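I opened a new structure today and kept notes as I went. Here is what I looked up, entry by entry.

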Amino acid sequence: ELAARQTAEAEKKRKAEAAARQKEETERAAKEKAAADARQREAKAALQAQLAAEQEQERAQGIVSEYVAYIDDKVTRNWLRPHGIPQGLSCVVQVSLIPGGDVAKVEILQSSGNAIFDNSVEKAVFKAAPLPLPKDPAMFGYFRDLRLVFKPD
């Protein structure tokens, strides 16, 4: 009778331990699944954020391209060709703007090789101010420092 009771208690203890292990295993699996689901949601959110950022960047680049064309046109319209300047010259200028499109500074980054031509381009940029900018003030960061290639011909 004692042996049967000890066997029954041992069996009861073994079943309780097995049930406890099963419960721990089930809880661990549930936590792992929850963590995996959370990682998957985070990855999906990060991917969506990256996609949105790329779309915004593409939109901004389209706006920048559009307004750089307007700026080039306005500078070209304000440029006076100096006498005796050959056709086909070009130079690269760095234009620093302040909000509203006013020109703060113009710097020749790549000279045409003709100082008179380069000076006439600088004057045309200042004369064209204020330069056209998008109405959205958040876009100004793209226009604070512009690099323009001036090719009038």
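Arg-14 came up first: I got a relative accessibility of 45%, so I filed Arg-14 as partly exposed. (Buried is under 20% relative accessible area, exposed is over 50%, and partly exposed is in between, with a 1.4 Å probe and protein chains only.) Note to self: this is a predicted model, where local features need pLDDT of at least 70 and side-chain atom pairs count only at pLDDT 80 or more, while totals for chains, interfaces and linings use all residues. Residues are numbered from 1 along each chain as its sequence is written, and side-chain values use heavy atoms, with hydrogens and water left out.

What does Arg-14 form a salt bridge with? I found Glu-11, with the closest N and O atoms 2.3 Å apart. (A salt bridge is a side-chain nitrogen of Lys or Arg within 4 Å of a carboxyl oxygen of Asp or Glu.) The two sit three residues apart in helix H1, so about one helical turn separates Glu-11 from Arg-14. Glu-11 is partly exposed as well, at 31%. (Helices, H or I with at least four residues, and strands, E with at least two, are DSSP runs numbered from the N terminus.)

Next I tried Arg-28, which has a salt bridge to Glu-25 with the closest N and O atoms 2.2 Å apart. Both lie in helix H1, three residues apart, about one turn of the helix. I noted 38% relative accessibility for Arg-28 and 38% for Glu-25. Glu-32 joins Glu-25 and Arg-28 in a network of salt bridges.

Then I looked at Lys-105 and Glu-107, whose salt bridge has its closest N and O atoms 3.9 Å apart. Lys-105 is partly exposed at 44%, and so is Glu-107 at 35%. I count eight salt bridges in the structure.

Asp-118, in helix H2 (residues 115–128), made me stop. How far away is the nearest side chain of opposite charge? I got 11 Å, to Arg-81, and Asp-118 is buried yet has no salt bridge. (Lys and Arg count as positive, Asp and Glu as negative; His and the chain ends are not counted.) Leaving out residues up to four places away in sequence, Asp-118 touches Cys-91, Ile-108, Ser-111, Ser-112 and Gly-113. (Contact means heavy atoms within 4.5 Å.)

Ser-120 is also in helix H2, and I have it as buried at 10%. With the same neighbours in sequence left out, up to four places away, Ser-120 touches Trp-79, Leu-80 and Pro-82.

That led me to the rings. Searching the whole structure gave me five aromatic pairs. (Rings of Phe, Tyr and Trp, the last by its six-membered ring, pair if their centres lie within 6.5 Å; planes under 30 degrees apart are stacked, over 60 edge-to-face, the rest tilted.) Trp-79 and Phe-117 are edge-to-face, 5.7 Å centre to centre with 75° between the planes. Trp-79 is in the loop between helix H1 (2–77) and strand E1 (91–97), and Phe-117 is in helix H2, 38 residues apart. Both are buried.

Trp-79 also pairs with Phe-150: the centres are 5.4 Å apart and the planes at 70°, so I wrote edge-to-face again. Phe-150 is in strand E3 (residues 145–150), so this pair ties together parts 71 residues apart in sequence.

Last, the whole chain: I found two helices and three strands, running α-β-β-α-β from the N terminus. The C-alpha trace spans about 125 × 30 × 20 Å along its principal axes.
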